[in-house]
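Open the model in your viewer and keep the selection tool at hand. This tour goes stop by stop: what to select, then what is there.

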Amino acid sequence: MTAPFALLLLACLGACPSRGTSPVAPTPAPDDTPARLKIAQLEAIRGGGLAELTELVLHGSAVERPLAIRALGRLGGARATEVLLGIVREGKDRARVAAAVAAIGLAASLDETTADPATTQLLVGSLGVAKDELAIEGIGRAADASAQPALVALLGAPPLLARAAAIALGRYGRRKLELSDASRAALATAGGHTDPGVRYAVAWALAREQLPPDAAADRFPDVTQRLAKLAADPEPEVRAQAISGLARRKTVRVAAPVITSALGDADWRVAVEAVRALTSEASDDAGRDAVAGKLASWTAKLAADPPRAHVVLEALRGLAPHARRPAVATAIGELRVRLANTLPEGTRGWIECLTTVLAVRAAPAPSYAMVETCALPDHLRLPLLAGLIDGDVGSLVERRRALRVLLAHPDVRVRGAGLGALASLWKAGDVADRRAAIAAVSSALMSKDAILVGSATEAAGALYELNDATERAALDAAVVTRARNEREADLATPLLELIGKYKLASGVAACRAGLAGRPYRPRPHAHASPRSASRQRRTPRWRRRSRHR
C-alpha cells in the first residue's frame, strides 16, 4: 500500500462515524407559551398590569424579559416609556437595548407622540450598542427630525440595515414630519442599490414623504427620476411600489410613459398600481383613456389568468367618475356585450355590477334599478348604490329611494353603507332629509351590532364635518349616551374622539369616565393599515425580514 493511498484511507475512516456512538438530538427550545399567556393577561388589564410587567422586565426569566419589554411598548404611556428608557441608558445588553428601543417606537406610534431632542439623542446613541433592525425601527417611529443624519448614514450599511434605515426615514412621512433635503437626496441615491430589498424600501419611503405644503409636482425631479427608473425594476414589488410613489407624489403625468407601459405588466400587482395612478386625480384624460383601452384585452385573458381580475375591477372602480368620457363609455359597452359566461361566478358578478354602475353614471337619466338586479349577493351589490348616492348620480328622488332601500335592509353591512351615504344627501336635500339622517344615525348608535355602531360613528363624524347645527342636539345626545355606556375599547375610542374634536359639552362626564379607567385605545398610525390587494402574494425572501408592514 503506497503512502498516499494509506493517508487517504485513514482520512476516509476518520470521517466515518463510530459504530458505538449515537447521534445527539438537538436541544429543544424552551416552551415560552406560559410566559406569553401570562404577559398577554397582564397587558389586557392595561394600567393594572404595569407594575408586574415592569418587574418582569427588570427581574424576569430570560424568556419573560423580551416579551415583557414588547408588552410595555404596546401598553404605552409615560411610566412604561420611562422604564424602557432606563434599559437604553444602561446599555448593557445588545438584544435588550434593541428590544427597548423598538418598544419605545411602538409606544410612540400608538400614542402619536414624537420624542424630545434629549430622548432622540439617547435613541440614536443606542446604535453604538445595538445597531440592528429593531433599534432602527424604533428610531424611525419615535425620534424627532434630528435623527435623520444617523439614519442617512446607515443607507450605506449592509443591506439589512440599509433597508431598515430607508423604512425608518419613510416613517417620518407617515408621522407628518418632513425630510431634510439631504435625507431626500440620499434616499434617491440609495434607490440605485443592488439589493432589491433596499430599492423597495427606498420606493416605500419616497412614496410616503411628507412634502412641504407649497411643493409642486415637479419640485424634486431627482426623486421623480428615481421612482420612474424603479417603475421598470426587475422585481415586481419594487415596480408596484415605485408607481404607487409616483401617484402619491402627483407626478403621474411626468412619468406617464413608464406608467402606461406598466398596464401590460406580466405581474397583476404592478398593473393594478398603474391603473390606480392613471385613473387618479394626478392623471389626465389620456391616462384614463389608456386604461379604458385595455379593458377588453384584460377581460379576454381572465380565463387563462384569473388574478388579472384584480386589474379589471380596479379599472372599473377608477373609471367610475369618468363614465361619460367617450373612450370609457365605448369600452364599457363592449365589455358588457362580450363578458364571457366561462368566468367564475364571483368574478363575472363583480365585473357585471361594476360595468352596470358605470353605465348608470353615463346614462342621461340614471336608473338605480339596473344595479339592484345585477348578479351579486345583496351585501356586495347594494352598497354600490351608496357610491352612486355619494357621487350625486341621478335625481334627488332616485337617491332618496335608494337610500331608503339601504337603511331598511336586514343586513347590517348594507345598512352601514346607507349610513355612509347620509352626508351627501344631507347636502343635496332639505330639512326633512337632515332630520331623517340624524334619526338614522342616532338609532344605529343604539344598536347591539358592533358593525352598525362603527358605521354610525363614522357617519356622525361626517355630519359634524358639515358644520350644520340643524337638529345637532339629538345627534350629540346619541353620541354621548353610547360613549358613556360603551365598554368595548374599539367602539368607545372613536366616540370619545368625536366628543373631544367637536367639543360636545354634554360629553365631559363620559370623557372623565374614560380617564378613570374605561376602555380607550389610541389609534395607530396609518402605517398599520392592511396591505392593498395588489400586494397579497407570497412575500419575497428579500422582504421577509422587513418590519415596516
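How closely do the axes of H25 and H28 come, and at roughly what angle do they cross? Select helix H25 (412-420) and helix H28 (residues 450-465). Their axes come within 9 Å and cross at roughly 5°. That makes H25 roughly parallel to H28, since angles under 35 degrees count as such. Now show the side chains at the contact. From H25, pick Val412, Arg415, Gly416 and Leu419. From H28, pick Ile451, Leu452, Ser455, Ala456 and Ala459. Colour them by class: six are nonpolar, two polar and one charged.

**The whole chain**

Zoom out. This is a predicted model. The protein chain has 549 residues, and 50% of them count as buried. Switch to a cartoon view: the secondary structure comes to 31 helices and zero strands. Take the contacts in the chain with a separation of 6 or more: residues 24 or more positions apart account for 65% of them.

**H28 against H29**

Keep H28 on screen. Add helix H29 (residues 472-485). These two helices pack at an angle of about 140°, with their axes 11 Å apart. H28 and H29 are therefore oblique to each other. Their crossing is left-handed. On the H28 side, select Val453, Ala460, Leu463 and Tyr464. On the H29 side, select Arg472, Leu475, Asp476, Val479 and Arg482. By class, this contact has six nonpolar, no polar and three charged residues.

**Thr457**

Stay in H28 and pick Thr457. Is Thr457 buried or exposed? Its relative accessible area is 6%, under the 20% cut-off, so Thr457 is buried. Which residues does Thr457 contact, leaving aside its neighbours within four places in sequence? Select Leu445, Pro494, Leu495 and Leu498 to see them.

**Val479 and the nonpolar core**

Move to Val479, one of the H29 residues in the contact with H28. Leave aside its neighbours within four places in sequence. Val479 is then in contact with Leu445, Ala460, Tyr464, Leu495, Leu498, Ile499 and Leu504. Leu445, Leu495 and Leu498 are also among the contacts of Thr457.

Now widen the view to the largest nonpolar core, which holds 160 residues. Val441 and Val479 touch the most other members. The largest share of this core, nine residues, comes from helix H10 (residues 159-174). In soluble globular proteins, nonpolar side chains tend to be buried together.

**H23 and its cover**

Next, select helix H23 (residues 383-390). Which of its residues are buried? Show Leu384, Leu385, Ala386, Leu388 and Ile389. What covers them includes helix H20 (345-362), helix H21 (369-372) and helix H22 (378-381). Helix H24 (396-407), H25 and helix H26 (422-428) also belong to that cover. H23 is followed by Asp392, whose phi is positive, near 55°.

**Trp426**

From the cover of H23, go to H26 and pick Trp426. At 4% relative accessibility, against a cut-off of 20%, Trp426 counts as buried. Then draw a distance from its C-alpha atom to that of Ala436. The two residues are 10 apart along the chain, and these atoms are separated by 9.2 Å.

**Two loop residues**

Where is Lys176? Look in the loop between H10 and helix H11 (181-190). Lys176 is not a glycine, yet it has a positive phi of about 65°. Its relative accessibility is 60%, over the 50% cut-off, so Lys176 counts as exposed.

Now find Glu112, in the loop between helix H6 (94-111) and helix H7 (117-125). Its phi is near 55°, a positive value in a residue other than glycine.

**Last stop: H2 and H3**

Select helix H2 (residues 33-44) and helix H3 (residues 50-59). Their axes come within 8 Å and cross at roughly 145°. Which residues meet here? Show Lys38, Ile39, Leu42 and Glu43 in H2, then Glu52, Leu53 and Leu56 in H3. The contact has four nonpolar, no polar and three charged residues.

Methods
Residues numbered from 1 in each chain as written. Predicted model: local features only at pLDDT ≥ 70, side-chain atom pairs only at ≥ 80, totals over all residues. Heavy atoms only, no water. Core = buried A, V, L, I, M, F, W, Y, C linked by side-chain atoms within 4.5 Å. Buried < 20%, exposed > 50% of the residue type's maximum accessible area, 1.4 Å probe, protein only. Helix = DSSP H or I, 4+ residues; strand = E, 2+ residues; numbered from the N terminus. Contact = heavy atoms within 4.5 Å. Axes fitted to C-alpha atoms, helices over the stretch in contact; angles between N-to-C directions. Parallel < 35°, antiparallel > 145°, perpendicular 65-115°, else oblique. Left-handed = near helix turned anticlockwise from the far one by under 90°. Nonpolar A, V, L, I, M, F, W, Y, C, P; charged D, E, K, R; others polar.
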